[in-house]
Amino acid sequence: MFRILDKQVLSPVIKQMVIEAPLVARKCQAGQFIILRIHEEGERIPLTIADFDREKGTITLVFQEVGKTTIQLGSLEAGDSIRDFVGPLGTPSHIEKFGTVICVGGGVGVAPVFPIARALKEAGNHVIGIMGSRTRELMFWEDKMREVCHELFVTTDDGSYVRKGFVTDVLKEVIEERGKDNIAMVLAIGPQPMMRACCNLTREYGIKTVVSLNSLMVDGTGMCGCCRVTVGGRTRFVCVDGPEFDGHEVDFAELARRSATFRVEEQRAMEHHQC
Ligand code: FES
């Protein structure tokens, strides 16, 4: 069993939990994820690691309550335990000194961007952060992002905080202002339409763009094929080949279709849970 040491409510639907998992924390690197199961009969869900502390042996997760399992997880409190906690899974982020890197986090995607931005800064890159959310209420970790970014731009879809606009609006402005040849790479993590929009934009400028995909998963070890995605015309498994891929090569339309496969069942599970 894996104990929840701390729980923070970041917004009405976004929760942060610190989990005691020393073996996972010891090996964890930026960009990796875990798969957890709350109880014996629970669903297995992948969550990208938002932070880790090797000394304390802890993993920090940030998740949005979007379905039955994440709502159940969000109802747990510090002192409660999680049945299974497997990881670290996936290929770590490729970190080296690239130059100027723009790290874009949309919605709850800000959480997995954080450790990657930190690693990129530690590797000597100039890190420009862009974080966006639908409303001010859903914004979190601005302070943590400021610590790991040399510059940080914040935007909200409805203009309720700092400025009105999408992360792609800010991304375009930053690229135009700095010049496309001065940007070595863009990292974009968030909802699939946001990542797709970022890739469509950076493709015009010819800027390499990395995305972290959030496909459906079952085993997380490359055996079931549930997480398959087409990248550059080849079938790749998000759980072992990813989760990060060249965003210009990802077939986002197929990813969206596959992600919706169990929407009816997910809806039924939610309704059953709420009864
Ligand atoms: Fe089964 Fe990736 S989750 S192969």
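Trainee: Which exposed residues does α6 carry on the face turned away from its buried side, and what makes a residue "exposed"?

Mentor: They are P193, R203 and E204. A residue is called exposed if 12 or fewer other C-beta atoms lie within 10 Å of its own, buried if there are 20 or more, and partly exposed in between, with C-beta atoms placed from the backbone. Bear in mind that this is a predicted model: local features need pLDDT of at least 70, side-chain atom pairs count only at pLDDT 80 or more, and totals for chains, interfaces and linings use all residues. Numbering runs from 1 along each chain as its sequence is written.

Trainee: Why is α6 called a helix, and how do you know that its length agrees?

Mentor: Helices are DSSP runs of H or I with at least four residues, and strands are runs of E with at least two, numbered from the N terminus. Helix α6 has 14 residues (192–205), so it clears that cut-off. The expected span is 1.5 Å times one less than the number of residues, which gives 20 Å here, and the end C-alpha atoms are indeed 20 Å apart.

Trainee: Which residues of α6 are buried, and how do you know whether they line one face?

Mentor: They're M194, M195, C198, C199 and T202. Seen down the axis, they fall within an arc of 135° (taken from the directions from the helix axis to the C-beta atoms), so they line one face. That fits the usual pattern: an α-helix has 3.6 residues a turn, so residues three or four places apart point the same way.

Trainee: What makes F63 buried but Q64 partly exposed?

Mentor: F63 has 22 other C-beta atoms within 10 Å, so it meets the buried cut-off. Q64 has 18, so it lands in between. F63 lies in strand β6 (residues 58–64), and Q64 is found in β6 too. UniProt, in an unreviewed entry, places a "binding site" at V62, F63 and Q64; its positions use the numbering here, feature names are shortened, and annotations may be inferred rather than shown by experiment.

Trainee: What makes β2 "largely enclosed", and how do you know which strands it pairs with?

Mentor: Five of the seven residues of β2 (14–20) are buried, so the rest of the structure largely encloses this strand. Two strands pair if DSSP finds at least two bridges between them. β1 and β2 run antiparallel with six bridges, while β2 and β6 are antiparallel over seven, so both pairs pass. M17, for instance, stands opposite L61 in β6.
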